[in-house]
Amino acid sequence: PMLAELLRTPDAPRVLFIGCTRNDNVDQRVLGPLLEVQRRFRQSHRVRRLVLRELGHDDAVDLARHFLEGTGREHIAPRIAELSRGHPLVISHLTHALNWWSLKDVGATNLEDPRAVLEVAINHLSPPEQELLYVLAVCGQPVSGRLACQAANLPGFPLEIISRLATDRWLVAAGAAAGDTIDLGNDVLRDTLLERLRGRPEASRAIHERLATAMRGFAAEHHATFDDEVLAYHFQQAGRSLEARRHYIKAAERATEALAFSHAASLYDKALNSAWNESSDHQLREQRAESLADAGRSEDAAREYLSVAETAEFPRCLELRRKAVLQLVFSRNPQAGQDVLAQVLQGVGLHLPRAQRDVVVPLVALRLASRVRGYEFRRRSPETLPPIDLAKIDACWTAVMGLTSLDLIRAWYFHK
């Protein structure tokens, strides 16, 4: 919605929106000058758009056969092309793993399944190398090499291990210094490693916990911040639900500050599902309802407000129902809004007239009473008023706001 609003005419700005990218050793030293050239000559030069797609099946097979040439395994090139989904880097990695081991090393491995070849290759790695690859698979995104090594329980910063794994195409390293940022070489390798971890739930939980702890310590040491949503996810997968809940709440608060209200609502929902805490669940559900309302999801917000109101005490339950009324009106569900409004008014000793004719006589009487009394008033502090009077004022205000777009006569009645 924000992007659509930004691009709406008139005077819509020129925008380059990048939805997804693979960060393959591209930094500002290369990208910055290109952007400056484009800005300087965008009026006088044509910009050509080149779309890089996956290789076609035949091209992928030819590339796999090229890598397998002379090995006697050219017949499995079509299977490698299929598994790689046309990604040249995946083709390179799978064929490199096949070429790495002799038939004696591979043993009885089914060469028709390149994943099985990866399994053999992984088993031939040293335990520290395997642990680092598992950490990168669980992390799911490029990460600092030092942080990954810390999470893998590798002492110091073993550059030789990272260099060897990068040379053998297990991982890719980028940054000002080798190993500053590392990630797995391809998604097929990541899927294979994660599949192995599914049979070892204790090991998976331990990696998630070490990753979360390392991220938090790394941020404190370098005076940086990590995405609380990422931390919450790793703590949740590690079984530390209270820590996950705390970080989901922090992430939701930051999303609210960034005006990402819908995302904030989903984060509050994750916080509620991660751990049960009766004392704070009520407040979190209110915050979730507010985020839904700010995101324009009025029906969902009203439903959440009404759900929270069922367990709230007076007068808080009336306040929540008042908010639900406004959201139901905004969601173009006037009948449901009026039903809830009737409950709100009944709660403070008032009633909602069913039709305009029911308010004509009372409205005339109110106008005459106002003329006799006069319109002068004395300002009073809310603390000096009885709570029920304040509740009635708020209920009448809600009735005015909720009925103005539906029935001006009845709205005017509550206004008077």
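Buried residues account for 38% of the 416 residues in the chain. The model is a predicted one, and its secondary structure consists of 22 helices and three strands. The accessible surface of the chain amounts to about 25,400 Å², and carbon and sulfur atoms contribute 53% of that area. Among contacts between residues at least 6 apart in sequence, 56% join residues at least 24 apart.

The largest nonpolar core contains 63 residues, of which Leu132, Leu165, Trp170, Leu193 and Leu211 touch the most other members. Helix H8 (residues 127–139) supplies the largest share of this core, with eight residues. Apart from this core lies another, of 32 residues, including Leu318, Leu328, Leu341 and Leu403. The surroundings of Leu165 illustrate the packing in the 63-residue core. When neighbours within four places in sequence are set aside, Leu165 is in contact with Leu125, Glu129, Leu132, Leu133, Trp170 and Leu171. Two of these partners, Leu132 and Trp170, are themselves listed with Leu165 among the core residues that touch the most other members.

Helix H20 comprises 17 residues, 357–373, and its geometry was compared with the expected rise of 1.5 Å a residue. The expected span is 24 Å and the end C-alpha atoms lie 25 Å apart, so the two values agree. The buried residues of H20 are Val359, Leu363 and Ser370. These buried residues pack against helix H22 (408–415). In an α-helix there are 3.6 residues a turn, so residues three or four places apart point the same way. H20 is followed by Gly374, which has a positive phi, near 95°.

Positive phi values also occur at residues other than glycine. Most residues other than glycine have a negative phi. Asn153, although not a glycine, has a positive phi of about 60°. This residue, Asn153, is located in the loop between helix H9 (145–151) and helix H10 (159–167). The relative accessible area of Asn153 is 56%, and because this is over 50% the residue is classed as exposed. Leu259 is likewise not a glycine and has a positive phi, of about 65°. Leu259 occupies the loop that connects helix H14 (241–257) with helix H15 (261–274). With a relative accessibility of 51%, Leu259 also counts as exposed.

Asp281 is part of helix H16 (residues 278–294). Its relative accessibility is 12%, and Asp281 therefore counts as buried, the limit being under 20%. The side chain of Asp281 is joined to that of Arg245 by a polar contact of 2.6 Å. Beyond neighbours within four places in sequence, the contacts of Asp281 are with Arg245, Leu272, Ala275 and Trp276.

Side chains of opposite charge can pair when their charged atoms come close. In this model the count comes to 21 salt bridges. One of them joins Arg216 and Glu243, with the closest N and O atoms 3.0 Å apart. This pair links distant parts of the chain, since Arg216 belongs to helix H12 (residues 201–221) and Glu243 to helix H14, 27 residues apart. Arg216 is partly exposed, at 29% relative accessibility. A second salt bridge is formed by Glu290 and Lys323, whose closest N and O atoms are 3.7 Å apart. It too links distant parts of the chain: Glu290 lies in helix H16 and Lys323 in helix H18 (residues 316–330), with their positions 33 residues apart in the numbering. Glu290 is partly exposed at 33% relative accessibility, and Lys323 is partly exposed at 22%.

A further salt bridge is found between the side chains of Asp300 and Arg297, with an N to O distance of 3.3 Å. Both residues count as partly exposed, Asp300 with a relative accessible area of 28% and Arg297 with a relative accessibility of 32%. Salt bridges that share partners also join Glu209, Arg216, Arg240, Glu243 and Arg246 into one network. The Arg216–Glu243 pair described above thus has both of its residues in this network.

Note on methods:
Residues are numbered from 1 along each chain as its sequence is written. This is a predicted model: local features need pLDDT of at least 70, side-chain atom pairs count only at pLDDT 80 or more; totals for chains, interfaces and linings use all residues. Side-chain values use heavy atoms; hydrogens and water are left out. Helices (H or I, at least four residues) and strands (E, at least two) are DSSP runs, numbered from the N terminus. Buried means under 20% relative accessible area, exposed over 50%, partly exposed in between (1.4 Å probe, protein chains only). The expected span of a helix is 1.5 Å times one less than its number of residues. Contact means heavy atoms within 4.5 Å. A polar contact is a pair of N or O atoms within 3.5 Å; within protein, one must be able to donate a hydrogen and the other to accept it, and residues adjacent in sequence count only if both atoms are side-chain atoms. A nonpolar core is a set of buried Ala, Val, Leu, Ile, Met, Phe, Trp, Tyr and Cys residues joined through side-chain atoms within 4.5 Å. A salt bridge is a side-chain nitrogen of Lys or Arg within 4 Å of a carboxyl oxygen of Asp or Glu. Accessible areas come from the Shrake-Rupley method with a 1.4 Å probe; for residues, only the protein chains shown count as cover.
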